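Student: Could you pick one part of this structure and go through it closely with me? Please explain each term when it comes up, and then show me how that part sits among its surroundings.

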Amino acid sequence: MFEKLVAIEPVSLIPSAEEELHRYAKEVVLYRDVPASDDEMVRRIGDADAVLLSYTSRMGKEVIAQCPNIRYIGMCCSLYSEESANVDIAYARTRGIQVLGIRDYGDRGVVEYVLHELTGLLHGFGMPMLRDEPVEITGLKVGIVGLGVSGRMIADALQFMGAEISYFARSAKPDAEAAGMTFKPLAQLLAESEVVFTCLNKNVLLLGKDEFAQLGAGKVLFNTSIGPGFDSAALEKWLDLPGTHFPRRRRPRGRGLLCPGKRALRQCVRRPHQAGFCAAEQKGAGQHPHRTGRISGAFAQPVFLASFPRLWYAF
């Protein structure tokens with residue numbers, strides 16, 4: 001059991017999960033706003049030996065070094081790799097601090113979002129149609145950039161509906177090939193696909209000027225990544241092409257953010273809701289310590305990630 005556990009910012013715990021924290025620490029302190037500076041973060045941590053944070057703050061070496069009692073850092077957000085994490089995991093390791101995060105939560109909501117928005121575009125349900133007449137998912141040429149958990153779930157769902165699936169990843173996936181999906185180089189995938197999904201880790205930027213030129217006009221681009229995945233200027237130029245469509249996340253962070261000009265904004269329709277933030281996912285993530293039988297970084301319900309986008313379409 002920890003002596004003191006501090007959540008330095010809102011971590012979106014459901015009430016029962018907040019109560020559960022008291023099983024792991026003698027004292028629990030939950031802050032309800034985001035620290036404005038590293039100094040404020042250090043002040044909040046104080047003499048705590050366990051810390052929780054969400055995606056809205058970064059805990060670097062400078063913070064960790066000033067908090068000598070820390071034994072555990074729980075990332076109540078996605079942890080895909082050390083490089084993309086908002087905690088300096090490498091430095092924490094040198095101090096004997098365990099850092100844990102959450103993987104593979106909220107993905108079902110992403111698939112539901114994809115099916116809802118894609119059928120809307122193909123049939124004109126509440127938005128302009130992609131083509132001059134309604135078309136089905138059956139026979140649609142779909143390209144998946146990044147065949148991780150959520151990318152594969154999207155691919156499986158659309159393949160079940162009859163789409164032709166190709167994918168680009170760091171290497172060919174034998175299980176995907178066996179399922180009838182085809183590995184293609186990125187340039188070929190972009191040129192030959194009618195709908196493209198980027199399902200990438202944070203801070204991975206694959207789509208620049210050349211890639212958007214290969215994608216061309218009359219296409220749909222879904223970004224369900226944890227980060228932007230594209231160069232802002234190149235995306236804005238692509239949106240000038242006829243018949244381009246782009247759903248995006250609500251609060252992009254990091255490099256390559258989309259900051260469209262006023263004209264680009266007028267071309268967009270904004271959805272006010274997110275996928276993945278459903279009752280089942282909130283409860284499931286909050287109960288994760290029960291399933292593992294040990295303290296975990298997965299105290300939190302899902303929060304905002306790129307895979308839970310609010311939508312912008314360009315027509």
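Tutor: I will begin with one strand and work outwards from there.

Before we look, keep in mind that this is a predicted model, in which local features need pLDDT of at least 70 and side-chain atom pairs count only at pLDDT 80 or more, while totals for chains, interfaces and linings use all residues. Residues are numbered from 1 along each chain as its sequence is written, and side-chain values use heavy atoms, with hydrogens and water left out.

The protein holds 13 helices and twelve strands, where helices (H or I, at least four residues) and strands (E, at least two) are DSSP runs numbered from the N terminus. The part I have chosen is strand S6, residues 141-145, which is largely enclosed by the rest of the structure because four of its five residues are buried. Buried here means a relative accessible area under 20%, exposed means over 50%, and partly exposed lies in between, with a 1.4 Å probe and protein chains only.

Which strands pair with S6? Two strands pair if DSSP finds at least two bridges between them, and S6 does this with strand S7 (residues 164-168), in the parallel sense and over five bridges. In that pairing Lys-141 has Glu-164 as its bridge partner, and Ile-144 has Tyr-167. S6 also pairs with strand S9 (residues 195-198), again in the parallel sense, over four bridges, and there Val-142 is matched with Val-195. As a general point, strands of a sheet pair through backbone hydrogen bonds, either parallel or antiparallel.

These pairings belong to an open sheet of five strands, in the order S8-S7-S6-S9-S10, with parallel pairing. At the edges stand strand S8 (182-183) and strand S10 (220-223), each with a single partner strand, so one side of each is left without a neighbour in the sheet.

Now follow the chain on from S6. Together with helix H6 (residues 149-160) and S7, S6 makes a right-handed β-α-β unit; a crossover is right-handed if, with the strands pointing away from the viewer, the path from the first strand over the helix to the second runs clockwise. H6 lies across S6, S7 and S9 and runs at about 170° to S6, an angle taken between N-to-C directions on a scale from 0 to 180 degrees, with axes that are lines fitted to C-alpha atoms, for helices over the stretch in contact. The end C-alpha atoms of H6 are 17 Å apart, which agrees with the 16 Å that its twelve residues should span at 1.5 Å a residue, the expected span being 1.5 Å times one less than the number of residues.

The buried residues of H6 are Ser-150, Gly-151, Arg-152, Ile-154, Ala-155, Ala-157 and Leu-158. In general, an α-helix has 3.6 residues a turn, so residues three or four places apart point the same way. What covers the buried residues of H6 includes H5, S6, S7, helix H7 (174-178) and S9, with contact meaning heavy atoms within 4.5 Å. Just after H6 comes Gly-162, which takes a positive phi of about 105°.

H5, one of those covering elements, occupies residues 107-123, and its 17 residues reach 24 Å from first C-alpha to last, close to the 24 Å expected. Among its buried residues are Val-110, Val-114, Leu-118 and Leu-121. H5 is followed by Gly-124, whose phi is positive, near 80°.

There is also an open sheet of five strands in the order S2-S1-S3-S4-S5, and the pairing is parallel. Strand S2 (25-30) and strand S5 (98-102) stand at its edges, each with a single partner strand, so one side of each is left without a neighbour in the sheet. Neighbouring strands of this sheet are turned by 15° against each other on average, direction ignored. Within it, four bridges join strand S3 (residues 50-53) to strand S4 (residues 72-78), which run parallel, and Ala-50 is matched with Tyr-72.

To place all this in the whole, buried residues make up 53% of the 315 residues in the protein. Of the contacts with a separation of 6 or more, 64% come from residues 24 or more positions apart.
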